[in-house]
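Here are some notes for a colleague who is opening this structure for the first time. Please read them with the model in view.

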Amino acid sequence: MSGVIVASADELGDLPLGVEVPGRDLEVALVRVGDEVFAVRDECSHGHVRLSEGDVDTDDLSIECYLHGSMFSLRTGEALNLPATQPVPVYPCAIEDDQIVVDIDNPISTHPDPARAGHANQED
Ligand code: FES
């Protein structure tokens, strides 16, 4: 998978990890569930708070926004309950050579608002 190295696998434990994407104006929340790693934009679609500070439901594969309780699918970014109604961008993510690689340019899902769609501009 082509992408950007955002962290080493050692840094990611049982709790979500918010990381900056090098060279991009973007932060992602990394979540490990068993052998799988997920990457979602680290911003709730309902408000400007970090999803990496929320709890993960490992059965439903979702992450909860700590502020108002909306859950988002880690696989699709879909908002699973109110008050959020819009998805959060989700990116292909893999562990390669003990590095966590995220394919920022090919999100699995996006937010309908282009400003929050997850296609972060590359910094010059
Ligand atoms: S800010 Fe996340 S659900 Fe309201």
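1. This is a predicted model, and a good place to begin is the open sheet of 3 strands, which are arranged in the order β5-β6-β7 and paired in the antiparallel sense. Its edge strands are β5, covering residues 56-57, and β7, covering residues 71-73, each of which pairs on one side only.

2. Within that sheet, strand β6 (residues 62-64) runs antiparallel to β7, and the two are joined by 3 bridges. To locate this pairing in the model, one may look for E64, which stands opposite M71 in β7. As general background, the strands of a sheet pair through backbone hydrogen bonds, in either a parallel or an antiparallel manner.

3. Another open sheet has 3 strands in the order β1-β10-β9, again with antiparallel pairing. Here the edge strands are β1 (4-8) and β9 (93-96), each pairing on one side only, and the twist from one strand to the next averages 35°.

4. Which residue in β10 is the bridge partner of S8? The partner is Q99, and the antiparallel pairing of β1 with strand β10, which spans residues 99-102, extends over 4 bridges.

5. As for confidence, the protein chain has an average pLDDT of 91, and 89% of the residues score at least 70. Over residues 120-124, however, the pLDDT is below 50, although this stretch has 11 contacts in the model beyond near neighbours in sequence. Where pLDDT is low, predicted coordinates should not be read in detail.

Definitions and conventions:
Residues numbered from 1 in each chain as written. Predicted model: local features only at pLDDT ≥ 70, side-chain atom pairs only at ≥ 80, totals over all residues. Pairing = 2+ DSSP bridges. Axes fitted to C-alpha atoms, helices over the stretch in contact; angles between N-to-C directions. pLDDT = per-residue confidence, 0-100. Contact = placed C-beta atoms within 7 Å.
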